[in-house]
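Student: I should like to go through the empty spaces and a helix pair of this model, and to hear how each term is justified. Where shall we begin?

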Protein chains: 2
Amino acid sequence: MDLHELIKSLKTEGGKIVMLISDGIGGLPLQPGGPTELEAANTPNLDRLAAKGVSGMSTPILPGITPGSGPGHLGLFGYDPLQFQIGRGVLEAAGIAFPVGPDDVCVRCNFCTIDKAGLISDRRAGRIPTEESVKVVEILKQIKIPGIEIFVEPVKEHRFVAVFRGKGLGGDVADTDPQKTGLAPLDPVGKDDASKKTAEAAKEFVRQARELLKDQPKANCLTMRGFAKKPSLPSYEDLYGLKAAAIAVYPMYKGLASLVGMELVGTPKTLEEEIEVLKENWNDYDFFFVHFKYTDSRGEDGDFDAKVKMIEELDKVIPGIEALNPACLVVSGDHSTPAKISGHSFHPVPTMIVSDLARTDACTKYGETEASSKGGLGQFQAIYLMPLAMAHAGRLAKFGA
Amino acid sequence: MDLHELIKSLKTEGGKIVMLISDGIGGLPLQPGGPTELEAANTPNLDRLAAKGVSGMSTPILPGITPGSGPGHLGLFGYDPLQFQIGRGVLEAAGIAFPVGPDDVCVRCNFCTIDKAGLISDRRAGRIPTEESVKVVEILKQIKIPGIEIFVEPVKEHRFVAVFRGKGLGGDVADTDPQKTGLAPLDPVGKDDASKKTAEAAKEFVRQARELLKDQPKANCLTMRGFAKKPSLPSYEDLYGLKAAAIAVYPMYKGLASLVGMELVGTPKTLEEEIEVLKENWNDYDFFFVHFKYTDSRGEDGDFDAKVKMIEELDKVIPGIEALNPACLVVSGDHSTPAKISGHSFHPVPTMIVSDLARTDACTKYGETEASSKGGLGQFQAIYLMPLAMAHAGRLAKFGA
């Protein structure tokens, strides 16, 4: 019996869960023995939660492994990121919050410029500005292929997403970008029968696109990369019996949440607005994923002080969440993004669970040193955070008699 | 995707790693509440590393499992000791630093004495002294079998190693020692076709040996045990992309390191000489395994104070390693060898990682109580030490986007 079978067999009714994810929350001291970003921040509300709840360190994937946003969030949602891998095309589609379905093959596309001989002269079509790209993508929406539904959506500059929706389409199709100029785009080639069907559709898509774009000054052709279907993920409803809502500002996190069947609620632009959306939807869902992006952004910038400020912003919304009185409030991150290294890292993530069922530990602050030296949850893999949240919300029955 | 596939897919260029293994470093207090050997030792340099780096407790195999040297080191090297098992013949060959190849079947041999009727009168040939055994082994080097290369090497007293090298030789051959006197040695019997081929070679080896040894007063015959091929271990180069050097005094550890493809460098006789070898080879390798034996030896002797002294010897070489400025310095052991029990034990091993990427914890001493109560690495399985070392040396790329 694996973890998912176990959870499915034990899930029951219970209280509401809020999972507050501060992206890249974990950090590093700038000097050995110094404070991390979290430890430098003034966080009276988070510290109060630490004193009330139970803390620990979450390892996103495995020790030493630095996660991208996709695997980082899958782990938090309780899906083993080594078992459920999200292909590049699906991640790109998720990144614009495109609702990827089970019959979809998603592709990352680049506009490129070809010369009269059909050879690529610019692989990124002069990085045309997004405003311009949006218009060219609009033109491509005219493309029709019998038996297959096609979606094209702009991403940024020369990048856009194409989705082929149809029964029996495979995702194992080779990239068509020859990776250098002076060569023609490659024909899409499928590895198996289902993927050959996709490759045929992709070829026809390109044929029509070239016809439609032939008079464009720059974006007169396209290349395709990262063909992928979404992994077969059991939904939150199936797995946990949870009606789940995702509240996020950034499209990527909306997309990842929708892959596991969460509903996207509201269109908040700030953390304060996210908490408003949480309040407005409080009665309609069992589970709320609330995503705060800027701790990661300022970490990526390498700006320690700015990340500290973002953590202090996060701290301010805590009373608003507490006022809703969730049965279980989880505070964690998808990975660490230490300002010291201006990027994602492998370091475990300080994590708290606040619930009437929490076994209080000696932690009185939310931070790496406290959580790892005094945390009652110890060090655990992120995929166990959802079972812990379910348990702390009284949503898992006894196993065996 | 398993751990090795993951590591292979993420490995990248990065800094140098030193893995300093003090054999059997973990200990036990003689009295409840007293210090362990490590805690009793005066170790200013190791304590400084603890303050600079991050500590934790490494479980060699699984909780409660006491490892031998083979599995203990395989775990440290990142190979699951339950998946990759080293047969006794291979361990004996590794123990004399014989470079075991993929087509080799290794066998532990004992000289024995047989009477005129061909029955064993002494299963250990009177434990002939090593000097004498070396000469008898020399005689056996005359043995030739068409199509098979044969190596015979002395070990100690009546024990020696035979290696049959050839394509298609299997390792599943039964022991020939009847386990008591008054019986004839058994014929080697192979379980499958490949092993039957080995058994035929072994039979012919014994036939020629008996002819060559018939006038020996004691060592006039031999028995064979522990036929084994080496497990199919991916090399350090394949798995981690590391050019790895092993620096050890004792043959066993050289042999274990060579099984995973490390190069044996230098012929040091003391810990100080090992550090000299490290310096001399610093520019030529990415990874250095440095093995210190005597913490284990004095633990095995049951001599608490002598083990404390050996730990203090270890402490003295730390500045010489630090001066080389490795990107990542790991200090650990393959298992615990508490003087209190005069043998290997199952207790987790205090472990430190020193690196600019280490998330400093509250530890200020190298020892069991500090590492287990304040260590930022928590408790982890030894097979994750190499992924952690790679990560701390900047040698693992991000997983997923």
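Tutor: Let us begin with the lining of the largest cavity, bearing in mind that the model is predicted. By class, that lining has five nonpolar, one polar and two charged residues.

Student: Which residues line the largest cavity?

Tutor: They are Val249(A), Tyr250(A), Leu271(A), Glu274(A), His291(A), Phe292(A), Lys293(A) and Tyr294(A). Two or more residues of this lining come from each of α10 (271-280) and β10 (287-292) of chain A.

Student: What makes two residues of that lining charged?

Tutor: Asp, Glu, Lys and Arg count as charged. The lining includes Glu274(A) and Lys293(A), so these are its charged residues under that definition.

Student: Why is this space called a cavity and not a pocket?

Tutor: A cavity is a set of points where a 1.4 Å probe fits but cannot get out, whereas a pocket is an open set. By this rule there are two cavities of 30 Å³ or more. The largest cavity holds about 40 Å³ of space.

Student: What lines the second largest cavity?

Tutor: This cavity, also with about 40 Å³ of space, is lined by Val249(B), Thr270(B), Leu271(B), Glu274(B), His291(B), Phe292(B), Lys293(B) and Tyr294(B). Its lining divides into four nonpolar, two polar and two charged residues. Here α10 (271-280) and β10 (287-292) of chain B each give two or more residues.

Student: What is the volume of the largest pocket, and which residues are closest to its centre?

Tutor: Its volume is about 490 Å³. Of the 29 lining residues, Thr59(A), Pro63(A), Gln379(A), Leu377(B) and Phe380(B) are the closest to the centre. The lining divides into 13 nonpolar, 13 polar and three charged residues. At least two lining residues come from each of β2 (54-59), α13 (368-374) and β13 (378-381) of chain A, and from each of β2 (54-59), β13 (378-381) and α14 (385-392) of chain B.

Student: Why are α6(A) and α7(A) called oblique to each other?

Tutor: The axes of α6 (residues 130-140) and α7 (residues 193-213) of chain A come within 10 Å and cross at roughly 120°. Angles of 65 to 115 degrees count as roughly perpendicular and those over 145 as roughly antiparallel. The crossing angle falls in neither range, and the helices are therefore oblique. The crossing is right-handed.

Student: Which residues make the contact between these helices?

Tutor: Val136(A), Ile139(A) and Leu140(A) in α6(A) meet Phe205(A), Ala209(A), Leu212(A) and Leu213(A) in α7(A). By class, this contact has seven nonpolar, no polar and no charged residues.

Definitions and conventions: Residues are numbered from 1 along each chain as its sequence is written. Chains are lettered from A and ligands numbered from 1 in the order in which they are written. This is a predicted model: local features need pLDDT of at least 70, side-chain atom pairs count only at pLDDT 80 or more; totals for chains, interfaces and linings use all residues. Side-chain values use heavy atoms; hydrogens and water are left out. On a 1 Å grid over the protein atoms alone, a cavity is a set of points where a 1.4 Å probe fits but cannot get out, and a pocket is an open set with protein on both sides within 12 Å along at least five of seven lines; lining residues have an atom within 4 Å of a point. Grid points are joined across faces, edges and corners, and a volume is the space filled by probe spheres set on the points. Helices (H or I, at least four residues) and strands (E, at least two) are DSSP runs, numbered from the N terminus. Axes are lines fitted to C-alpha atoms, for helices over the stretch in contact, and angles run from 0 to 180 degrees between N-to-C directions. Angles under 35 degrees count as roughly parallel, over 145 as roughly antiparallel, 65 to 115 as roughly perpendicular and the rest as oblique. A crossing is left-handed if the near helix is turned anticlockwise from the far one by less than a right angle, and right-handed if clockwise. Contact means heavy atoms within 4.5 Å.
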